[in-house]
Amino acid sequence: YLRHVKGLTFENITLDTATPDLRPALVGEDVEGLEFSNFRAAGASPAALLRLREARQIYLHGCRPLNKVALFLSVEGAGSQGIFLQANDLRQASQVYTLAEGAPPEAIIKE
């Protein structure tokens, strides 16, 4: 759980559990300037693998779920913006992202 964090980088990180956990692998609230490079995590439905609320200038690249998940990323909050998804392997995710709680459509940038 990350709250009020600015400028943190996750590089070559794998999060896994011995038994399925219904919570998101990572939750960020009021975060800015985070980078996820080659981030891998196990998830369990119905929770999103990553949940970001009021998130700004986030860069996710080379990331992938370790197992089949219903949702890779949940973006929440009207202040969320600049969440850039590039070169992720999301074949294990039934849905790449969802926008909730007023998150604007332009919050997500995909390449």
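Let's start at H61, which sits in strand β7, spanning residues 50–61. Keep in mind that this is a predicted model. From H61 we'll move on to a group of aromatic rings, then to the salt bridges, several of which involve strand β7.

**Around H61**

- H61 counts as buried, because its relative accessibility is 18% and the cut-off for buried is under 20%.
- Its side chain makes a polar contact with the side chain of E35, at 2.7 Å.
- Leaving aside residues up to four places away in sequence, H61 touches E35, F36, S37, N38, Q86, A87 and N88.

**Aromatic rings**

- The model has 4 aromatic pairs.
- Take F10 and F39: their ring centres are 6.1 Å apart and their planes stand at 75°, so this pair is edge-to-face.
- That pair links distant parts of the chain, with F10 in strand β2 (residues 9–11) and F39 in the loop between β5 (35–37) and β6 (40–41), 29 residues apart.
- Are these two rings buried or exposed? F10 is buried at 16% relative accessibility, and F39 is buried too, with a relative accessible area of 1%.
- F39 also pairs with F36: the centres are 5.3 Å apart with the planes at 75°, so this is an edge-to-face pair.
- F36, one of the residues H61 touches, is buried with a relative accessible area of 0%.
- Put together, ring pairs link F10, F36 and F39 into a cluster.

**Salt bridges**

- Side chains of opposite charge can pair when their charged atoms come close.
- How many salt bridges are there? The count is 6.
- One of them joins the side chains of D30 and R56, at 2.9 Å from N to O.
- Here D30 belongs to strand β4 (residues 26–32) and R56 to strand β7, 26 residues apart, so the pair links distant parts of the chain.
- D30 is partly exposed, at 27% relative accessible area.
- Another salt bridge brings together R51 and E76, at 2.8 Å from N to O.
- R51 lies in strand β7 and E76 in strand β9 (residues 69–76), so this pair ties together parts that are 25 residues apart in sequence.
- R51 is partly exposed at 31%, whereas E76 is buried at 7%.
- E101 and R53 meet in a salt bridge as well, at 2.3 Å from N to O.
- This one links E101, in the loop between β11 (93–100) and β12 (108–110), with R53 in strand β7, 48 residues apart.
- E101 counts as exposed at 52% relative accessibility, while R53 is partly exposed at 26%.
- Finally, salt bridges that share partners join D30, E32 and R56 into one network.

Definitions and conventions:
Residues numbered from 1 in each chain as written. Predicted model: local features only at pLDDT ≥ 70, side-chain atom pairs only at ≥ 80, totals over all residues. Heavy atoms only, no water. Helix = DSSP H or I, 4+ residues; strand = E, 2+ residues; numbered from the N terminus. Buried < 20%, exposed > 50% of the residue type's maximum accessible area, 1.4 Å probe, protein only. Polar contact = N/O pair within 3.5 Å; in protein donor to acceptor, adjacent residues only side chain to side chain. Contact = heavy atoms within 4.5 Å. Phe/Tyr/Trp six-rings, centres within 6.5 Å; stacked < 30°, edge-to-face > 60°. Salt bridge = Lys/Arg side-chain N within 4 Å of Asp/Glu carboxyl O.
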